[in-house]
Amino acid sequence: MLDIKRLRQNPEAIAEQLKRRSYDFDVESFNSLEQERKALSIRTQELQNERNTRSKSIGQAKAKGEDIQPLLAEIADLGDSLKTAEDELSVLNQTIHHLLMSIPNLLDESVPEGKSEDDNVELRQWGTIPHFDFTIKDHVDLGAADGLMDFEAGVKLTGARFVVMRSHMARMHRALIQFMLNTHSDEHGYQEVYVPYIVNADSLRGTGQLPKFEEDLFKLDSEQEYYLIPTAEVPVTNLFRDTIIKEADLPITHVCHTPCFRSEAGSYGRDTRGLIRQHQFEKVELVQIVKPEDSLQKVTELLGHAEVILQKLELPYRVVELCAGDTGFSATKTYDIEVWLPAQNTYREISSCSHFGDFQARRMMARYKNTKTNKNELVHTINGSGLAVGRTLVAILENYQQADGSIRVPDILQPYMGGLQKIG
RNA sequence: GGAAGUGUAGCAAAGUGGUAAUGCAACUGAUUGCUAAUCAGUGAUCCUGUAAAGGAUUCAGGGGUUCGAAUCCCCUCUCUUCCGCCA
């Protein structure tokens, strides 16, 4: 959520900035809504003040034993006009709030111009792209042996975009999760958390998935308004909703493994083959709650923590800076890590590390007590995948494949797999 | 699932229809001096205002009764205890 005070002061400048991400902010209708709200708010407060004052005097008169009937008669119609004003104001406030909740974050100045992912800017590459002296297979064919990775079983149990894994494949999938969690908590100092996989609507509003992106979520048919989480970002960041954090406790760094559930509405026909785009996938997420002045540095550090995983797995990747048009709704700046997939002959996203400024914090009322100003101020929130587990598994299968169709187990993972050196 | 309780500011805790006591913590200021004490001020959100200041809202959430609601009524939620069920 943007700062409504800044929006009031200079709506044209904000509209101009929002144009970078092709968001059309209607300054005129916002101004007229604001004008109406201001007038109505003043009128309502005047009426409330009158009611309070008069009620008080009735109380005093009664205490003295005076007759209160004439006083009651004087304010006979105050109640109705107050109620009308309050109701109108409440509707108007809701309209403005809803508008505000649907405006995306302002982009950081450093974000490059651009419309789509084609305009993203490559910052660096790491590792050597492997060359094979045999015809390579993609991860679906590699996983098909002995039903290690079984998409038909996923269809039978549920439907499209679900998978069943068996034996060493399931084990490597689990090993990746353990390896990532251990690395981030032991070497990067993140505190591990375990959280619910089902959240309420308030949490989703807090991180920005609601109200705009409900169609991307799986909603439960329960009495309460419950949703399956699309990422651990939602429960972990919302730990700090409606909270005033002690300054000494910042920065807070959490690592969390969860399954993620996404409806993938609007992605029909994209990545239909294989593990790349599933309705259910595992992810290890890094979340940081930081002081505003630290956030730019911290997001770079977090990006580095995610990169370490690929380096230890010896998987080639590149880091790109998302352009204005490709940066997500809540983010002010995003770096993607893309891993090399030989069968697709391209880099594919495996982590997205974003800086949200105070956008999520304002929605969540996540604040800290600034000991210099002695005021409660909004924190900044940062998160990134460290990493998407399914896609990491795909990258290992394709990059570590052997001529006989087996997969060499990366050195760093072998201790997590009972010393196993190859699968398939 | 059944029954009975419960929810008040960072924490603790009064308040049963007249408009949120008090204690601790924290912060600010003053005074006295020795590892601090005493006194005063300061809850949160929002609005008007350059400011000084003023006002509104806020007692788990939502609705209702009333001139006036933390207090009375209805619905929902949280936590606690007991019973039932259960990995």
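Okay, let's start with the second largest pocket: α2 (11-19) and α12 (359-364) each put at least two residues into its lining. Quick bookkeeping: this is a predicted model, where local features need pLDDT of at least 70, side-chain atom pairs need 80 or more, and totals for chains, interfaces and linings use all residues. Residues are numbered from 1 along each chain as its sequence is written, chains are lettered from A in the order written, and side-chain values use heavy atoms, without hydrogens or water.

By pocket I mean an open set of points on a 1 Å grid over the protein atoms alone, where a 1.4 Å probe fits, with protein on both sides within 12 Å along at least five of seven lines; lining residues have an atom within 4 Å of a point. Helices are DSSP runs of H or I, at least four residues, numbered from the N terminus.

So, who lines this pocket? There are 19 residues, with R6, N105, L106, T332 and D358 nearest the centre.

Now the RNA. Strand B has 21 residues around it, and R8, K38, Q48, R367 and N374 are the closest; near means a heavy atom within 4 Å. Of the strand B atoms that come within 4 Å of the protein, 74% are sugar and phosphate.

Which helix gives the largest share of that surface? That's α3, with 12 residues. Both α1 (4-9) and α3 (27-63) supply at least two.

On to individual atom pairs. A polar side-chain atom of R51 sits 2.7 Å from a phosphate oxygen of strand B, and for K38 that distance is 3.4 Å. S55 goes for a base: one of its polar backbone atoms is 2.7 Å from a base nitrogen.

Definitions and conventions. Polar contact = N/O pair within 3.5 Å; in protein donor to acceptor, adjacent residues only side chain to side chain.
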